[in-house]
Amino acid sequence: MLYREAGQFKTSYDTDQSIFPIRQDRWVIALYMAVAIFAVPLMINDYWANAVLLPLLIYAMAALGLNILVGYCGQISLGTGGFMAVGAFASFKLTTAFPELNLIIVLLLSGCITAAVGVLFGLPSLRIKGFYLAVATLASQFFLVWLFNKVEWFYNYNATGQITMPPRDVFGFQITGPEAKPAITYLFALGFIMIFGLIAKNIVRGRIGRMWMAIRDMDIAAELIGVRPLMAKMSAFAVSSFYIGVAGGLYFTVWLGAAEVTEAFDINQSFLVLFMVIVGGLGSILGSFLGAAFLVLMPILLKNFMVDWLGVAAVTAKHVEITLMGVLIIFFLIVEPHGFARLWQILKEKLRLWPFPY
Amino acid sequence: MTQIERVIGDTLLKVENISLGFGGVQALSNISFDIKEHEIRAIIGPNGAGKTSMLNVINGFYHPQEGAITFKGEVRRTMRPHEAAKQGIARTFQNVALFKGMSTLDNIMTGRNLRMSRNIFWQMLYLGPARREEMEHRHRVEEIIDFLEIQAIRRVPVGKLPYGLQKRVELARALAMEPELLLLDEPMAGMNVEEKEDMCRFILDVNEQFGTTIALIEHDMGVVMDISDRVVVLDYGRKLADGTPDEVRGNQDVIDAYLGVPHDEGEA
Amino acid sequence: MSDSLLYFIEVTIGGLLAGVMYSLVALGFVLIFKASGIFNFAQGVMALFAALTLVGLMEKLGVPAWVAIIMTVGVMILLAWLIERMVLQHLVNQDPIILFMATIGLAYVLEGIGDLMWGSDVKVLNVGLPDGAVDWLYDFNIYVTKLELVAAATAALLVAVLAIFFQKTRIGRALRAVADDHQAALSVGISLRTIWVIVWSVSGIVALVAGIMWGSSSGVQFSLSLIALKALPVLILGGFTSIPGAILGGLIIGVGEKWAEIYLGEYIGYAIENWFAYVLALAFLLIRPQGLFGEKIIERV
């Protein structure tokens, strides 16, 4: 590696458990964060915010949520789209009913509401596992989409069935609406992701994370250790749904600005986030970020390459994108089921020894 | 650590008239025996005798159709496994039920789960109470890691360890629960002579230093005769004999069961 | 007979026949699951792909329907071989969930390639199946199409053939062995790879039949692949490993949906069909997780 970690010994259990035990790693992360917080806003423009950075951050949040459920607790869910819808509609209803309510509070509350819904729809996991559970979560996906279509109260009786985000500001900075500057919106989303990313990491390295992983690995043995499956699974659904709900809220309020439920939150969304989790790495916080980044950037790069460079029709590019996504999923499942996160670890191992082969 | 003078206490666990059947198969028929505090009790018998089923009944995984279990004075027939864990019963498994996706350290830390209680909000921040609790338990776990001499494999994902070490980690996890009654299901299966001697030593140390009562299923007769205080022999779900190792060794029924004397005419 | 009773009969028959269509797709699932333990999410897309290929061949090459069908069968066999070679072979003995996700990937690949090869607009499929309503029932004011009856008959025939295949033949037994335990099957000399190619081919042919039926009635279009999602509740009801279960499950779902739509629709709201099947399946899962005919899984410690 560019720096050696030899000679850095841990003298207390505390420092042994830290997220970035190697001193230089901490500097690198600090550098990334500095760039993200200070440099990016200076260079950002509408296109970059809307096409790349905002979806990346928001999907990272959703992927974090789903990873907690699927990667750490082993409960498969295909209902992500539906839960994002819950977050979005909750935000919409809250902000239209209480215009004075701070957007941050709105989003946090939406997360809580989604968490409650998640626990409700997660109850079947106490009886069923594996793809049976996947099918049960499909029930929630289809039901929620139908619900938000059917019950007009949810979209304030708007004739088109669409929900639109009114302009809102936080502490004087315009976050949503036509006046909002991309830098501000970006920093808003970034703030959420950074804080909740840290929280997620803290939870999974402690007692609750271990509880989830025990259920995932061998739930019978977990019970014999004294882990209550009810607590473990429901807490996983709750936390996961919270994250996905906040992501859905951000998706609607800060990024899209307007949404129609069948388009924005259908089953393809569920698959997309699941793919991010797989490609990034199941059971890895870092993986959630990497997977989201990859699956947000890949279509953009592909489209730019095919449409702008090769002059291929946009429709065809879309088909190629679909095919490529499928190929990538299969590729990762065969070659590295633990996704980019594991590949990154392996790369670090190799770089540690570089230029020696072993 | 001080050597505690081992005194066998009163009855810790008593099973009475336990019968357990699955569909057409009667796994256990009318089994009764007791386990005294601080003793090492072996449960032996040919394959299929119902030994594992007996352990499963004790720790709540199987529910017998008849009979009662008295543990620490409380009588019950059935119990959920995590309640058994709460009451102080820990166990290991024939097929090593470790959490393969986690490291050794994490696996053992899960054993502390019942004793950790800081709720999710403190966990999120990883400050103050949550952190202190984590360190406290880490300390205890490290003591167990030292005791079982597995320091080197702390961070290794358990799925990568050789079988013998996995069994040791499983024992560590059970010890992390600080149980009063430890159920060991063939802890030495698949080990070579050296590994068996190590495991024997650990089991004896656990019994002597922590005073843990141990119920042990084992096939190696040498081990059984050496370390156990009393022995129960099962065969085809029935109790054949019950007593000290010497008494059991001389029992004709036991000899017949193990050597396979014809039960019916014409059977070898 | 009263009008409402006649209407009820029509709705029920319609439901049963729709159910037969679901069953056809579910059959393909059951085959693959029974023989390889894989839950093939791509089954619906395979039906779409088969139908697309059929139409494409008929249009581009102008061959008569029955020739095109034979050629498509060939394509499906080739596809099965490719899938085995490039995907299944590398995932032997992985977790079922990994295999499931691989089939999701496969669904995307097939969808993309199908679109690239034949275009994504709606196509008309005409293989010469009878058209129009069944006359003598029509006299009773019950509207049932000949196509639906043909579909039902075909499904019945398929089921009978497959059931015999599984129970009586040597290959059928080998398929069941593979479904149970890959490694054990390997160790008794069963060639996993050949078995898988056979199974996926048969499944592909079943998908083709399903594709023809669906495509003839509602045109060949993307929504065909969504049928796969509908087949999941069918499987839950019928059990993943049972062929009669797939049929029965399909019928129950088909009828249940129609009844719910017509009779509950006025109270709860329309378009219940979108989710009713799943909720029904969910309810079933909670009561009887292995479905009507499936095998109960007992976990041993």
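**Gly190(B), helix H7 of chain B and the chain contacts**

Colleague: In this predicted model, is Gly190(B) buried, exposed or partly exposed?

Modeller: Around Gly190(B) there are 13 other C-beta atoms within 10 Å. A residue counts as buried at 20 or more such atoms and as exposed at 12 or fewer. Because its count of 13 falls in between, Gly190(B) is partly exposed.

Colleague: Where along chain B is Gly190(B) found, and how many Å separate its C-alpha atom from that of Lys167(B)?

Modeller: Gly190(B) is found in the loop between strand E7 (181-185) and H7 of chain B. Although Gly190(B) and Lys167(B) are 23 residues apart along the chain, the separation of their C-alpha atoms is 9.9 Å.

Colleague: What span does H7(B) reach from its first C-alpha to its last?

Modeller: H7(B) has 18 residues, for which 26 Å would be expected at 1.5 Å a residue. The span in the model is close to that expectation, at 25 Å.

Colleague: Why can the buried residues of H7(B) be said to line one face of the helix, and within what arc do they fall?

Modeller: The buried residues of H7(B) are Met199(B), Ile203(B), Val206(B) and Asn207(B). Seen down the helix axis, these residues are confined to a single arc, so they line one face of H7(B). On the other side of H7(B), Val193(B), Glu194(B) and Arg201(B) are exposed. The arc that holds the buried residues is one of 90 degrees.

Colleague: Which elements do the buried residues of H7(B) pack against, and which residue with a positive phi follows the helix?

Modeller: The packing partners of the buried residues of H7(B) are strand E3 (40-44), helix H6 (163-176), strand E8 (213-217) and helix H8 (221-227) of chain B. After H7(B) comes a residue whose phi is positive, near 70 degrees, and this residue is Gly211(B).

Colleague: Which element gives the largest share of the side of domain 1 of chain B that touches domain 2 of chain B?

Modeller: Chain B is divided into domain 1 (1-88 + 179-268) and domain 2 (99-176), and their contact takes 10 residues from domain 1 and 8 residues from domain 2. On the domain 1 side, the elements that give two or more residues are helix H2 (81-87) and helix H7 (193-210) of chain B. The largest share of that side, 3 residues, comes from H7(B).

Colleague: Which element gives the largest share of the side of chain C that touches chain A?

Modeller: This contact takes 38 residues from chain C and 31 residues from chain A. Helices H4 (96-118), H10 (223-238) and H12 (273-287) of chain C are the elements that give two or more residues to the chain C side. The residues of that side divide into 30 nonpolar, 5 polar and 3 charged. The largest share, 17 residues, comes from H4(C).

Colleague: How many helices does chain C have, and what percentage of its residues are buried?

Modeller: Chain C has 12 helices and 0 strands. Of its contacts with a separation of 6 or more, 74% are accounted for by residues 24 or more positions apart. Among the 301 residues in chain C, the buried residues make up 48%.

Colleague: Where in chain A is the confidence highest?

Modeller: Chain A averages a pLDDT of 84, and 93% of its residues score at least 70. Confidence in chain A is lowest in helix H1 (residues 13-16), at a mean of 67. The highest value, 93, belongs to helix H5 (residues 103-122) of chain A.

Technical notes. Residues numbered from 1 in each chain as written. Chains lettered and ligands numbered in written order. Predicted model: local features only at pLDDT ≥ 70, side-chain atom pairs only at ≥ 80, totals over all residues. Domains from an automatic or database assignment. Contact = placed C-beta atoms within 7 Å. Helix = DSSP H or I, 4+ residues; strand = E, 2+ residues; numbered from the N terminus. pLDDT = per-residue confidence, 0-100. Nonpolar A, V, L, I, M, F, W, Y, C, P; charged D, E, K, R; others polar. Expected span 1.5 Å × (residues − 1). Arc of directions from axis to C-beta.
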